[in-house]
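Open your viewer and load the model. This tour moves from the whole chain to single residues, one selection at a time.

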Amino acid sequence: MHSYIKTLALATIFCALALIPTRADESSEDPFKPFPDQLAPSLFNEVEDKYEFGIRAEEKTLYYYVLKHLRETSLEEQKQAAQFNLQQRRSELKTFKENPKLKLPVFPDIFKNSNRYKGRLVTLTGRVRKLIHYPAEKNDYGIKTLYEAWLFTDDSQQNPTVVICTEVPPELKDGLPQGTDVIDHVTVTGYLFKMYVYNAQDTTRVAPLILTGQLEWTPQIVDERGSQLFSQILAGSLIILIVGVAFAMWKASQKDKQFRETRLPTSDDPVSFNQLEQQPAAPLSKSKPESKTEPKSDDKTPE
């Protein structure tokens, strides 16, 4: 009996040791190994892509749970996880694996390979052309308001990413700033929830639906003092240019006046046209005058 128990214990230990590498292999099969505080992608397996009515009723619990999770975790850690996922994705693509400096076009890759990104954190940066807010549906996580932004990235070729979040900067609480129909330098980090169907004019199209905790907006800061100084310098340069041109014109006119006074006749006497008919006087000869000498004669006067 004792030997039987001992044998059974040894067999149990060997089985446990045999299972350890197997579990390690299973966790390494997925290149998108969950980052700390990152939701497991398997939670999104039942989410249906391209559903014509948006979010299905059975998906809404997960929908609000993801938003709650994003609100309670660190944005910095979310970004680290998104960067980790991006590097793993690059390692799967030969072109980008062999060329580390080559930028991976994230939006096209999401659009064409949504199953590889579904339920995983990604970071996108671009321009927001539409921003609205509306009351959240009844949920167990205390979420009362949802913000919906349509984000366009440089590589999306005018195709939007639909972004849902629970927080925006104070300037965007009521939508885009007054008098503005687009804002740039917007970054979002969140989970790809599904490929979302939306209406576009007379047809339907598909866009990635990203759930994120917040919009990050870093508008360019205009230095008013620098702008004012530049305007003053520009105005001063223009004045100097005008004065320089005026001085050059005045100098030229003075030279022209001096030329007229020194080179052109200034007599106001009328010209007699009779003078034109007179022959010009013969020029005086410059040769020596002939000497007046009496002729010599060798002959005597006859008597």
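Among contacts between residues at least 6 apart in sequence, what percentage join residues at least 24 apart? The figure is 65%. Keep in mind that this is a predicted model.

**Stop 1: the whole protein.** Colour by secondary structure. You should find seven helices and six strands. Follow the chain from its start, and the order reads α-α-α-α-α-α-β-β-β-β-β-β-α. Now switch on the surface. Its accessible area is about 22,600 Å², and 55% of that belongs to carbon and sulfur atoms. Of the 303 residues, 29% count as buried.

**Stop 2: helix α3.** Select residues 75-92. This is helix α3, with 18 residues. Put a distance on its end C-alpha atoms: they lie 26 Å apart. At 1.5 Å a residue the helix should span 26 Å, so the two values agree.

Go to the N-terminal end of α3 next. S74 caps the helix there. A side-chain oxygen of S74 sits 3.2 Å from the backbone nitrogen of E76.

Now show the buried side chains of α3: Q78, A81, A82, N85, R89 and R90. What covers them? Among the covering elements are α2 (60-72), α4 (94-98), α5 (106-112) and α6 (114-117). Strands β1 (121-135) and β4 (183-200) are also included.

**Stop 3: the largest nonpolar core.** Nonpolar side chains tend to be buried together in soluble globular proteins. Here, the largest nonpolar core has 27 residues. Select F44, Y63, V66, L67, L146, F193 and L211, which have the most contacts inside this core. Two or more core residues come from each of α2, α3, β2 (145-152), β3 (161-165), β4 and β5 (203-212). Helix α2 gives the largest share, six residues.

Centre on V66. Leaving aside residues up to four places away in sequence, V66 touches L39, F44, Y191 and L211.

**Stop 4: another core.** Apart from the core you just left lies one of 24 residues. Select F96, L104, V168 and L192, which are among its members.

**Stop 5: R120.** Finish in the loop between α6 and β1, where R120 is placed. Is R120 buried or exposed? Its relative accessible area is 7%, so R120 is buried, the cut-off being under 20%. Then show R116. Its backbone oxygen lies 3.1 Å from a polar atom of the R120 side chain.

Methods
Residues numbered from 1 in each chain as written. Predicted model: local features only at pLDDT ≥ 70, side-chain atom pairs only at ≥ 80, totals over all residues. Heavy atoms only, no water. Helix = DSSP H or I, 4+ residues; strand = E, 2+ residues; numbered from the N terminus. Expected span 1.5 Å × (residues − 1). Buried < 20%, exposed > 50% of the residue type's maximum accessible area, 1.4 Å probe, protein only. Contact = heavy atoms within 4.5 Å. Polar contact = N/O pair within 3.5 Å; in protein donor to acceptor, adjacent residues only side chain to side chain. Core = buried A, V, L, I, M, F, W, Y, C linked by side-chain atoms within 4.5 Å. Areas by Shrake-Rupley, 256 points an atom, 1.4 Å probe, with all protein chains shown as cover.
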